[in-house]
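Reader: I should like to learn how surface and fold features are read from a model. Please begin with accessibility.

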Amino acid sequence: MKSAVSVFFTSLFLIFSLLACSAPGGQGADSRGPEILESDPNMAQEKPDIPGPITILTYDSFVSEWGPGPALVEAFTKATGLSVNFVSVGDGGQVLNSLLMSGAKSDIDIVLGLDNIQFPQVLSSGLLQAYKPTNWDRIPQAIQFDSAGTMVPYDYGYFAIVYDSSVVTQAPKSLEDLTDKRFAKELILMDPRTSTPGLGFLMWTKSVYGDGWLDYWKRLEASLVTISSGWSEGYGLFTSGEGSLVLSYTTSPAYHLEYESTERYKAAIFDQGHILQVEGAGILASSQRKQGARRFMDFLLSDEGQQLLPLTNIMYPATDIPLPGSFSIAPKPKTTLVPSRNELSPDTMKATLEAWLESQVN
Amino acid sequence: MLVCGFAMVPALIISYQGLSYIPQVLGSTRLIGVLGFTMAQAGISAFIAGAIGLPIAWLLAKTPLPGKRGILAISGIPFVMPPILVVLGFVAFYGRSGWLQSLFSFDGTILFTSTAVIMAHVFYNIPVFVRLVGRAWLELDRGPEAAARTLGMGPWKVFLTIDLPRLAPVIWSAAALVFLYCFTSFSLVLVLGGGPRVSTVEVEIFSLARQPGGMGLASSLALIDMLVAGCVLLVSEHLARSNPNKLGNGQFPGLLHGVPWWAYVLLGSLAIFYLGPLLSVLGLAFTHREGYLGDISLSLTSFIKAFSPSGIRAMVNSVLLASCSSFLAIVLGLQAAYLLKPGNVVGWRWLLRGIFSFPMLLSPLVLGLGFILLSQVLGLGQSWLLLILLHGVLSLPFVLGILGPAVATIPPGLVAAARTLGAPPLVVWCTVDLPLLLPRILGALAFAMALSMGEMNAVLIFAPHNVETLPLVLYRAMGSYQFSLGGVYGVLLMVFTFLAFWVTERRVAYP
């Protein structure tokens, strides 16, 4: 069998020569794409839902056993009789990637877990159809993505560096502090290409350092343990002691207080401000179960749905429902940083991510 | 033939899509760096694995080391051991909160560095050296050595002047194989590398393929991957053929040295190096931790959790996928073996062999990428059927490697005699060929099943959203830091792997 290897290497060459001949002919595969049906904006003529569960594309930690997914679905199914199927693809960055790559062709009805930083990219894709659910009026203007309801906010929080106070005695006070020698090989971050906290942190460094953000990343390098692909991996590494600082949320300490009765993990507050993250859900224009999808959105913003979120997703609810007691441990940032719309535009975002990636060299 | 087309067509599509992006790859300092690192780590890993594997091979060939057969037998396990299992073991054993650092209470970062990647590759590939070189060494003709020893030559000199020149082709071809394994290894680097700083070509292909607009660049990296694989296989093939290895019986008791003291040091440290991570997986499976912080206690909770509906679905999926794809591989492998039988289709044999071995050029991940592109071109979804086909294609070269020699040695006289006596072809095959081939078929089946069972890369990149397999749920459990749960899936995979390996090893000694 082994002598065959050389033979198919020759055949590889044959293939190449064939390729060289056929390459300029090109583009056939692309132009022969799937037929795109003009979507009918008139909702009155909408077809009834096709049978099957409402399919929701989301991130891993949302559907994990301690995440909001299972409880939310149970309550929703009880209230409406409709069933739900989650498709999880990693962290929020990967959710957007999946949506952009195959959203319109798949049987996904709702995408859940995209945030305000990704929103301009989502909007320009034109894949979502606006819907304002019941209780829309109870969402504060400050966390709305747009006035049309292209994406519906369901919870929000502030990115923060969470530290293990049994290891870190002196909390970092700024992004610059993170580059300090005492934090060498202690910080766990997430990949901005695949994770929404990762992207949020990247925007944080851009907001604080402006054009000097890439230099900051260079200074930060010595402090990094790893850049994980998603928040769940990174936070898991942190709690199991692989690092004593992790990118997470100001609300993360509430989890440990609520479920583990410990105040060991704390969120560091930076005077330079924190990036706000609003998480939202949207209905795909290509969905064939829009009625069911809208009922899910209604439920997500209902008091019953909202009450589930703080203690499962460990984020502030989007509506004005009362907070659980453990949230009192979550510090409120003094300043909120908001990246400009221009900075978040698809083109700028692409360039930013490319520049960041180029800087990540071993 | 048709199915082998399924290996070639994806390769064609990848080449077609990737060719125009080659300048972009060459223009990116980062990707050039990644390519350089991939080469460098593969080279270093192969060198270290060789430096440790070679003395062990010497011990096996030249000393009356107890348990030689056992060592040689278990050295075949890495061929079927799922990399994700090694990853889990490494994290559990070498992690900052892992067993090693808690036992010896030192604090250092091993994981998420290039060191961790190289360590895992060495772990994986020492046995490959031991197996390939050790076997050749055992079979080396001892005549020249006997002569040299009579003339008073010491073991070092025998090694340098008599054995090394004869073994060099085997050593180089083993090194080439190990280099290729390390060059195309994926899940080890994905988890142990820790993000974009320690990245290899395969990891880049994966992350590019999952980003909008990244397919072209991913394809061009896959093309480079195939080219490197082709070159390395060509070199290894050339070396293996030029091997003038004369078979001896290797049984010259008078020539054996005593077991040197360093043998025990070496084998002892290797035992820790190997058993540590593997036992850690067992440890994970049988312990339980409450929440992120709770105490660790012995329990079977994780086993109960592992047999949740979704866990069971993953197991069923894995078994189904492994059964269907290995059955497919056997059917095709048998046909291929008959086609390639000496005396059959003389002129075209070289082409046929090339086609049937073609999948070896494609790493599972690259083949997965090719299948994605293929299903896009054909307008198909990412279906189960394609996934089965994918795994079948992946194990075909190995199945053919096991069945080929057996089919070639079926005595033509027997078949002819049966025919003369009037038996129809199918009856002839069932009564003459099948009994002769059966042990090898079973061996190949077990091997193919083990390959498919542990294969994660192709499934990860290609599989439809809702397909979960055993290695995949293990990977996801690790991702969400449910290490005990991961341990259970790891144990299941381990049991299955050992079982399949045992069957293969009993039926055929391969590779």
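Author: Relative accessible area sorts residues into buried (under 20%), exposed (over 50%) and partly exposed in between, with a 1.4 Å probe and protein chains only. Leu275(B) has 46% relative accessibility, so this residue counts as partly exposed. Leu275(B) lies in helix H13 of chain B. This is a predicted model, in which local features need pLDDT of at least 70, side-chain atom pairs count only at pLDDT 80 or more, and totals for chains, interfaces and linings use all residues. Residues are numbered from 1 along each chain as its sequence is written, chains are lettered from A and ligands numbered from 1 in the order in which they are written, and side-chain values use heavy atoms, without hydrogens and water.

Reader: Which residues form the nonpolar patch on the surface with Leu275(B)?

Author: The other members are Leu279(B), Leu282(B), Phe286(B), Leu298(B) and Leu300(B), and together the patch has about 580 Å² of accessible area (Shrake-Rupley method, 1.4 Å probe, only the protein chains shown counting as cover for residues). Patch residues have over 30% relative accessible area and no salt bridge; nonpolar side chains (Val, Leu, Ile, Met, Phe, Trp, Tyr) are joined within 5 Å, like charges within 9 Å. A salt bridge is a side-chain nitrogen of Lys or Arg within 4 Å of a carboxyl oxygen of Asp or Glu. Helix H13 (residues 261-285) of chain B gives the most to the patch, with three residues; helices (H or I, at least four residues) and strands (E, at least two) are DSSP runs, numbered from the N terminus.

Reader: What share of the 511 residues of chain B counts as buried?

Author: The buried share is 57%. Chain B exposes about 20,200 Å², of which carbon and sulfur atoms supply 73%.
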